[in-house]
Amino acid sequence: MSSEQRLDPTLVEQTKQQIRVLVSEISQISKTDIAPEEFHSEFLPRVISALAAVGGAVWTLNPNGQLALGYQVNLQQTKLHENEEANKQHSRLLYKMLNAQEESNIVPAHSGSDNEDEAGNPTDFLLLFGVIKTELETFGLVEVVQRSDTNPATQKGYLRFLQQMTGLASEFYKNRQLRNFGDRQNLWIQLEDFTRNIHKTLDYKETIYTVVNESRRLIECDRVSIAIKRGKKCRVEAVSGQAMLEKRSTTLKLLGRLATAVVACDEPITYVGDTTDFAPQVETAVEEYVDEAHSKMVAVFPLARTNVNAGDSEETDQNKLPPEPPFGAIIIEQIEDNRVPEKMRKRIEIVVEHAKAAIGNALDHNNIILMPLWKTIGKSKVLVTARMLPKTIAVSIGVLALFLAMIIIPWNFNMHCKGTLEPEIRRNIFASEEGKVEQVFVRHGSVVYGPRQNPDPNDPDYEKGTILVRLSNNQLEADIQKVEGDIAEVKKVITNLSESSFKPDDPSEKLRIMGELSKNKVRLESLLVQRAINEERKKELEIRSPITGTVMTFDLVNKLQSRPVQRGVSLMEIAEPQGKLILELDMPEKNMGYIDEYLKKIKEKDPNSKLKVHFVMMVDSTQTYTGKVIEEHDRAENRGTQETTVRIRANIDDPDQLPPSKRAGAGVSAKIYCGKRALGFVLFHEVVSYLQKTVFFWFQ
């Protein structure tokens, strides 16, 4: 037999044809517009098949300059994962090949020095490398794992083929760059139109409607909405494609709640079907809105003004202004698709930044005091024409006269508040012991008597007062029984010790008995004290009226019967509704400065002076009544209203003038007289106070 085996020409031709088909397929794939990950999965297996290689990998270069595995075929055959040092040496080889001058290289098996810090091929295979790059950028590295038992000529053929394939991969990335340049050019044109349109006016309404419609066109989404913060809540002000909004719409209300929750957290959110990472209040708002609107993707971004010096690195932390709170939010929605491509994400970021500036500037411009008047004056030329000049002068004189009147004319200065008529004598009844309500003896309107105030001395409650509620406390009963048992036991021990103290002749035994006797007597005294305390606690389970009056609390049985109560819990209120009534007023804390200032002024003239009160009753506002302040609380509290108030009590000058329908708890509207001030100050003192707190304060 011949030592050389001749190759079948037909088999060789078939192999060449298969390689040509694979190369043609790779060439076609490199011209398509697909994602790099998809290209790698189509590209690498064909290269491996054409070279009849063991495996290979595509290593991609991220923006940080680090290589990451993009795709691999049979890379585990190298067994690099089994040896950490070999893996590190291979990693250094990858970076060396990436930075090599030649675009293709071949590295023999087990090449490199024994130095652990140098690059090398620690595997049993021949490694071929090809760099994927264009004139502008390097994208990664192709690594082919080949058998090492090939002659040098074959290895050079492998290298030439790999160089050709990496050229096709580079062509793929070059085509992507060209498409990106084209898309970027189109984006710049669209962005130029977008910025020009939203910044061309400072009119608030026109700006927000322009922002939502232009943003929808730039982002290429289904709907864009703007919500503006009014007080503590956000209200939807504009929706793309809608000239008029139905404010009572359930969808708009729920969208406003969602914007309010996101603005309160001051963190943007993007909903694509999962709410696990959202704050609880945001999660609830998102789910309610999506159930109503059926949107697949909802992104909400808070809008806040950006400080002008926010990017000044030389500014110290002490001098930096705090970040502005959000003034609203922009909401982007997709109805049918929940995907957010990178292209859309980048455009959303651009829209959000420009919307902050455009809407923020429009709001600032719109909030300038009397802006419509200044615009009218600035645009009007009719007022200064010869025919209109006399009228203009007359109106100006009238305005000046009105202004002077506001400064010169004095007027009564009153502080308004709301309050109620309350009995002067009343008590809240509290539970003095913890327990369960066993029985309620009184009802709403029941007449009760205090200790020694019952008109019938033969009544069993004459001395103690009318019983209101009886409580039961199982733990207290158990404590009483235990103490009684302990007392009986100690008494028995004392009796036995007393009898045996006379019998023993041994002095030491007698001394021991006397010691035990003394100790038990001390314990008996302690138990007797404890029994007395328990008896007092048991008496307190019967809650009695401290005053004579009428039960004012309604529906006591349903509120208290068989209910457990804690010590200090209010059970009911007792008052004398037919007795003297006084005013209890809740004055807003912001007005107390004027009241205290005037009170101090009149006290300097007469220490016995009282502040005057005028009030009307809610049931009959036609009649005005007068009174005098007798007490101001030292503490301001929030009594369930939006603002903090100070409780003020006042006597009624003539209670007999009150209408027959008067009753405890009736509402009143009152004003406290605080002297005379200029008419303008009386009318606009709240505006003056607001300006002092928000504007003038910063210049002091």
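Two residues are said to be in contact when heavy atoms of theirs lie within 4.5 Å of each other. With that meaning in hand, we can walk through this structure, which is a predicted model, beginning with a single residue in one of its helices. L524 sits in helix 12, which covers residues 507-539, and, once its neighbours within four places in sequence are left aside, L524 is in contact with I487, V490, K491 and I494. One of these partners, V490, is 34 residues away from L524 in sequence, yet the C-alpha atoms of the two are 6.3 Å apart in space. Since a residue counts as buried when its relative accessible area is under 20%, L524, at 15% relative accessibility, belongs to the buried residues.

It helps to set this residue against the protein as a whole. The protein has 700 residues, of which 37% count as buried, and its secondary structure comprises 15 helices and 24 strands. If we take the contacts between residues at least 6 apart in sequence, 70% of them join residues at least 24 apart.

A second buried residue can be found in a strand. I132 lies in strand 4, residues 126-133, and with a relative accessibility of 2% I132 counts as buried. Not counting residues up to four places away in sequence, I132 touches T138, F139, G140, V142, A169, S170 and Y173. Between the C-alpha atoms of I132 and M165, which are 33 residues apart along the chain, the separation is 9.4 Å.

Next, we can look at how two helices are arranged. Helix 5, made of residues 204-219, packs with helix 8, made of residues 342-366, at an angle of about 175°, and their axes are 10 Å apart. An angle over 145 degrees counts as roughly antiparallel, and therefore helix 5 and helix 8 are described as roughly antiparallel to each other. On the side of helix 5, the contact is made by Y204, T207, I208, V211, S215, L218 and I219, while helix 8 contributes M344, R347, I348, V351, A355, A358, I359, A362, L363 and N366. When the residues of this contact are sorted by character, 13 are nonpolar, three are polar and one is charged.

Helix 7, residues 280-293, lets us check a length by reasoning: at 1.5 Å a residue, its 14 residues should span 20 Å, and the end C-alpha atoms are indeed 20 Å apart, so the two values agree. Within helix 7, the residues V282, A285, V286, Y289, V290 and A293 are buried. Viewed down the axis of helix 7, these buried residues fall within an arc of 125°, so they line one face of the helix. Among the elements that cover them are strand 6 (223-230), helix 6 (250-265), strand 8 (269-271), strand 9 (297-303) and strand 10 (328-334). On the other side of helix 7, by contrast, P280 and D291 are exposed. Just after the helix, H294 takes a positive phi of about 60°.

Finally, we come to a residue in a loop. E267 is placed in the loop between helix 6 and strand 8, and is E267 buried or exposed? Because a residue counts as exposed when its relative accessible area is over 50%, E267, at 51%, is exposed. Leaving aside neighbours within four places in sequence, E267 is in contact with V262 and P302. E267 and A279 are 12 residues apart in sequence, and their C-alpha atoms are 9.9 Å apart in space.

Technical notes:
Residues numbered from 1 in each chain as written. Predicted model: local features only at pLDDT ≥ 70, side-chain atom pairs only at ≥ 80, totals over all residues. Heavy atoms only, no water. Axes fitted to C-alpha atoms, helices over the stretch in contact; angles between N-to-C directions. Helix = DSSP H or I, 4+ residues; strand = E, 2+ residues; numbered from the N terminus. Parallel < 35°, antiparallel > 145°, perpendicular 65-115°, else oblique. Nonpolar A, V, L, I, M, F, W, Y, C, P; charged D, E, K, R; others polar. Expected span 1.5 Å × (residues − 1). Buried < 20%, exposed > 50% of the residue type's maximum accessible area, 1.4 Å probe, protein only. Arc of directions from axis to C-beta.
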